Amino acid sequence: MSDTHANTVAFVRETQIPQSPPPATERGIVKWLRENMFSSVLNSILSLLSIFFIFMLIKDLGPWFWNSTWNAENLAECRELNSGACFAVINERWPQFFFGFYPAEERWRPVLAFLLLFPALAPVLFDKAPRALLVVTLLFPFVAYWLIWGGSIAFPLAVLLGFVLAFVIWKALAKTQPTIALIVSVLVLVLYQLVVGGAGLVENILMGILGNPEDGPALLAFEEVESRNIGGFLLTLILGITSISLALPIGILLALGRQSDLIIIKYICVGFIEFIRGVPLITLLFVANVLLAYFLPPGTTFDLILRVVIMVTAFAAAYLAEVVRGGLAALPRGQYEAADSLGLDYWQAMQLIILPQALKISIPGIVNVFIGLFKDTVLVSIISMYDPLGIVQPILADSDWNGILWELYGFVALFFFIFCYAMSQYSRYLEQKLRTDHR
């Protein structure tokens, strides 16, 4: 054969051969099952037992849900229509579950406050949220109080003025004397709100401008709603969100105070933490309900919800202080020495170096306290407050629904599961976001 004939037969491929698909056991659902459920003999046995358990659960509970009744006048009618769950009681009593005995025509106000909660929390929970929403965050407590309890906007504005005054004083002194600035601003706030009665004076001035709702029509005023009419999930959210928001900063300050070199501050913090942690929450709630009024000046009216918030916040803050202290103790001594070598003072070191790392370590414990606190709000039913469990009791006493249990308690359990699961998922998101290792 000649060289010319060989050149005509030779072939050089100019394109890459397409990749062959992986084996069936290395792709799709088969791969997922092999890696996650049947990776070993033990895992295979546990997976099969779990599948059997889920199957039996669906087999027994499925018909109970599928044959449920949503429209009936009483339990007897439910049983006549279907043999499954009687969700008609939820359909009939849902306003009480969500709002307690809040006036029906005014329920848009707590709904609006709940919707405003999301833009208020966004800049606190997510760093990509617009920073302009911080204005909503700062104003939300006062706007929410005005919407839920009603009355004139003069009182929330008067209280807000006290916080603005304390912030201005703290800002003026913080650059040179941060510790003194914190103490002075707190003292100014206490003097303004309690001793001088500044909130009352400013409220009277503002009512002179806006009008007093008790004397007739007034600007920016709603119908007042008494605290005893607030109940259900609304009460749980008020107690849970308020106590969680206040307990974290107070707990951090208590943890720092417990490690302080100032003997008086240290022992005050130690005494507070150990006393609160050594007393059951239900005892503190009884104190809030009965005894707290004896420690106030004569004639002072102190709203029951506010008293409960104070006690629940103190309870959670004591536990959070120990969680944060654990995070501080977990940091190596070199972090404190690094802050000293940079010439940072105490507050700068805590703000820039120590606390961010300690709080990162403490995230699981902090969220665990938050979840426990949110669930513990049901204890207020012991002091005759109509939280979701407090709403269940009158329904059980109603002759039309006497004998129904699973539907009521299951509905309440679902509400708590949704919020607690959301908190745990946010905790996982935050842990993943703050991870600095590469595992």
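**Exercise 1. The disulfide**

In this predicted model, the link of Cys-78 and Cys-86 is right-handed, with 65° about the S-S bond. Establish that the two residues form a disulfide, and decide whether each is buried or exposed.

*Solution.* Start with the sulfur atoms of Cys-78 and Cys-86: they are 2.1 Å apart. The cut-off is within 2.5 Å, so the pair is a disulfide. The count for the model is one disulfide. Next, take accessibility. Buried means under 20%. Cys-78 has 1% relative accessibility, so Cys-78 is buried. Cys-86, at 0%, is buried too.

**Exercise 2. The span of a helix**

Check the span of helix α8 (residues 154–174) against 1.5 Å a residue.

*Solution.* Helix α8 has 21 residues. The expected span is 1.5 Å times one less than that number, so α8 should span 30 Å. Its end C-alpha atoms are 30 Å apart, which agrees. Buried residues of α8 include Pro-156, Val-159 and Leu-160.

**Exercise 3. Two aromatic pairs**

Classify the pair Tyr-145 and Trp-149, then the pair Phe-233 and Phe-415.

*Solution.* The model holds 30 aromatic pairs. Tyr-145 and Trp-149 lie 5.1 Å centre to centre, with 20° between the planes: stacked. They are four residues apart in helix α7, so about one helical turn separates them. Tyr-145 is partly exposed at 34%; Trp-149 is buried at 16%.

Now Phe-233 and Phe-415. Their ring centres are 3.9 Å apart and their planes at 15°, so this pair is stacked. Phe-233 is in helix α11 and Phe-415 in helix α18, 182 residues apart, so the pair links distant parts of the chain. Both Phe-233 and Phe-415 are buried.

Notes:
Residues numbered from 1 in each chain as written. Predicted model: local features only at pLDDT ≥ 70, side-chain atom pairs only at ≥ 80, totals over all residues. Heavy atoms only, no water. Buried < 20%, exposed > 50% of the residue type's maximum accessible area, 1.4 Å probe, protein only. Helix = DSSP H or I, 4+ residues; strand = E, 2+ residues; numbered from the N terminus. Phe/Tyr/Trp six-rings, centres within 6.5 Å; stacked < 30°, edge-to-face > 60°.
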